[in-house]
Amino acid sequence: MINEFFPVFLNLKNKLCIVIGGGKVAERKVENLLTSQAKVKVISPEVTLKLKKLAEEGKIEWERRVYKKGDLHSAWLVIAATDNPEIQKEIFKEAEEKRIFCNVVDVPELCSFIVPSTIRRGLLTIAISTSGVSPAVARRLRETLEEIIGEEYVLYVELMKDLRKQILNLNLSSEEKEEKLQKLALAPIPRYIKYRDFELLKVLIEKEGLTFPTEIFEKHFPNIFSKENEK
Ligand SMILES: C[C@@]1(CC(=O)O)c2cc3[nH]c(cc4nc(cc5[nH]c(cc(n2)[C@H]1CCC(=O)O)[C@@](C)(CC(=O)O)[C@@H]5CCC(=O)O)C(CC(=O)O)=C4CCC(=O)O)c(CCC(=O)O)c3CC(=O)O
Ligand SMILES: NC(=O)C1=CN([C@@H]2O[C@H](COP(=O)(O)OP(=O)(O)OC[C@H]3O[C@@H](n4cnc5c(N)ncnc54)[C@H](O)[C@@H]3O)[C@@H](O)[C@H]2O)C=CC1
């Protein structure tokens, strides 16, 4: 029976996450955790060059030794990434006892959480999981979606955040607000951004009685509007 995993986005900022093992897989998980600003501690007698460098730069803490029972004390999350099946089981056992979520990288059945394949576009995150059965499929799907969901989505989501705020501040009924939000979400705005069709986009936004937030565009494309003015 495959688990029906519960998808969540965790706020790990400054929270201690312990990674046991220091190979290629540990390295990938550590980089992921650092993206979320977690406080990372690696326990492993050997680590990759990259992990060593991160430790030297003070970006992670590295305890150069093997795992021992009790190490998980005060962690929020644990990743067991050693190449030793017995140790992996011991780590999972301690994590369960302490009620700490634990990812055992080589045994999907011993995972109280799994790590999805992830696409990040600024504020937008897309996470893909095959419930642990085929990481290669998760990766392949990520690569396919990355082509559809391009870098234009960084600006797009920032723009929609601004427009939503404007709409919510208008003196409209909740039905009217909902209608405007849905209408904007359906408009091909990512395409306008991708092809720099800013004039068309401006017309669309102003037609809805909203203000075109120039500063958001200028942040991504410095001087884009001033150059147009010079012409
Ligand atoms: C259950 C899970 C636990 C967990 O790690 O959280 C798990 C388990 C295992 N992975 C294995 C193998 C590989 N994993 C990758 C890559 C990734 N693995 C990731 C997640 C997960 N892997 C979780 C399930 C995710 C889901 O639900 O789909 C990704 C998405 C996220 C990340 O790790 O950061 C990241 C892709 C990131 C990206 O590029 O987008 C590659 C390389 C590749 O394909 O590039 C290979 C080799 C090819 C292959 O075997 O497929 C093996 C066999 C080990 C062996 O044979 O020794 C096991 C154990 C088993 O299955 O028994
Ligand atoms: N979940 C995933 O995405 C994937 C999982 N795997 C599996 O993950 C495991 C790790 O893979 P790699 O990083 O390539 O292995 P690796 O052999 O490069 O690294 C293992 C690390 O564990 C450390 N280690 C060994 N015993 C230890 C102990 N008692 N305490 C602390 N650290 C200890 C070693 O020093 C080494 O740094 C393997 O079992 C592999 O099959 C492999 C590919 C992807």
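**Ligand contacts and helix packing**

Q: What makes the pairing of an oxygen atom of ligand 2 with the side chain of S44 a polar contact?
A: An N or O atom in the S44 side chain is 3.3 Å from an oxygen atom of ligand 2. A polar contact is a pair of N or O atoms within 3.5 Å (within protein, one must be able to donate a hydrogen and the other to accept it, and residues adjacent in sequence count only if both atoms are side-chain atoms), so this pair qualifies. This is a predicted model, in which local features need pLDDT of at least 70 and side-chain atom pairs count only at pLDDT 80 or more, while totals for chains, interfaces and linings use all residues. Residues are numbered from 1 along each chain as its sequence is written, chains are lettered from A and ligands numbered from 1 in the order written, and side-chain values use heavy atoms, without hydrogens and water.

Q: Which distances place K24 and R28 in polar contact with ligand 2?
A: A polar side-chain atom of K24 lies 3.1 Å from an oxygen atom of ligand 2, and one of R28 lies 2.6 Å from an oxygen atom of ligand 2. R28 also has a side-chain N or O atom 2.8 Å from an oxygen atom of ligand 1.

Q: How do we know that S117 and N32 make polar contacts with ligand 1?
A: For S117, the distance from a side-chain N or O atom to an oxygen atom of ligand 1 is 2.3 Å; for N32, it is 3.4 Å. Both pairs therefore satisfy the polar-contact definition.

Q: Why are α5 and α6 called roughly antiparallel?
A: Helix α5 (residues 152-169) and helix α6 (residues 174-186) pack at about 165°, with their axes 10 Å apart. Angles over 145 degrees count as roughly antiparallel, so the description applies. The axes are lines fitted to C-alpha atoms over the stretch in contact, and angles between N-to-C directions run from 0 to 180 degrees.

Q: Why are α1 and α2 called oblique?
A: The axes of helix α1 (residues 24-35) and helix α2 (residues 49-56) come within 9 Å and cross at roughly 40°. Oblique covers the angles left after roughly parallel (under 35 degrees), roughly antiparallel (over 145) and roughly perpendicular (65 to 115), so α1 and α2 are oblique to each other.

Q: Which residues of α1 and α2 meet?
A: A26, E27, V30, E31 and L34 in α1 meet K50, L51 and L54 in α2 (contact means heavy atoms within 4.5 Å).

Note on methods: Helices (H or I, at least four residues) and strands (E, at least two) are DSSP runs, numbered from the N terminus.
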